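Work through the exercises below with the sequence and the coordinates at hand. Each task is followed by a solution in steps.

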Amino acid sequence: MSASLPAYSEVESTFEAFIGQLTRIQDAAQQQLEEFQQARAKRDNIKTSKTTAETQKKITLDVGGTIFRTTSETLLSHKDTFFSAMLSADWQPDPDTGAYF
């Protein structure tokens with residue numbers, strides 16, 4: 001007993017339906033990619049704007065009674081330093097004087 005093969009028109013119809021599904025999946029994936037890229041660009045733009053504003057901020061350091069004034073840009077010019085840690089969100093300046101220490 002042999003199984004009969006589907007007619008050419010059935011195979012063609014199934015193949016076209018499959019291609020249609022793949023095209024819809026590809027279109028949906030492309031749309032999601034574009035939305036992701038737009039969201040990332042928006043986030044990066046906000047992050048860059050915030051970073052630029054933060055790095056131009058004036059910083060006052062009171063070291064043993066001697067006052068030093070600089071910008072956060074200068075203090076952040078080298079990564080992974082004491083000052084980059086100090087200027088992270090974990091440390092905040094004195095609310096009365098604006099000094100970090």
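The exercises go from the whole chain to single residues.

The model is predicted, so local features need pLDDT of at least 70 and side-chain atom pairs count only at pLDDT 80 or more, while totals for chains, interfaces and linings use all residues. Residues are numbered from 1 along each chain as its sequence is written, and side-chain values use heavy atoms, with hydrogens and water left out.

**Exercise 1.** Determine the order of helices and strands along the protein chain.

Solution. Take helices as DSSP runs of H or I with at least four residues and strands as runs of E with at least two, numbered from the N terminus. This gives three helices and two strands. In sequence order the pattern is α-β-β-α-α.

**Exercise 2.** State what share of the protein chain is buried.

Solution. Buried means under 20% relative accessible area, exposed over 50%, and partly exposed in between, with a 1.4 Å probe and protein chains only. Of the 101 residues, 11% are buried.

**Exercise 3.** Find the residues that make the nonpolar surface patch, and place L22.

Solution. Patch members have over 30% relative accessible area and no salt bridge (a side-chain nitrogen of Lys or Arg within 4 Å of a carboxyl oxygen of Asp or Glu). Nonpolar side chains (Val, Leu, Ile, Met, Phe, Trp, Tyr) are joined within 5 Å, like charges within 9 Å. F15, F18, I19, L22 and I25 make a patch of about 490 Å², with areas from the Shrake-Rupley method and a 1.4 Å probe. L22 lies in helix 1 (residues 8–55) and is partly exposed, at 41% relative accessible area.

**Exercise 4.** Describe how strand 1 and strand 2 pair.

Solution. Strands pair if DSSP finds at least two bridges between them. Here six bridges join strand 1 (residues 58–63) to strand 2 (residues 66–71), and the strands run antiparallel. K58 is opposite T71 in strand 2. Two residues lie between the strands of this hairpin, where G64 has a positive phi near 60 degrees.

**Exercise 5.** Classify the ring pair of F82 and F83.

Solution. Rings of Phe, Tyr and Trp (its six-membered ring) pair if their centres lie within 6.5 Å; planes under 30 degrees apart are stacked, over 60 edge-to-face and the rest tilted. One aromatic pair is counted. The centres of the F82 and F83 rings are 5.4 Å apart and the planes stand at 75 degrees, so the pair is edge-to-face. F82 is partly exposed at 47%, and F83 is partly exposed at 27%.

**Exercise 6.** What is the sign of phi at D80?

Solution. Most residues other than glycine have a negative phi. D80, not a glycine, has a positive phi of about 55 degrees. D80 sits in the loop between helix 2 (72–75) and helix 3 (82–86) and is exposed, at 79% relative accessible area.
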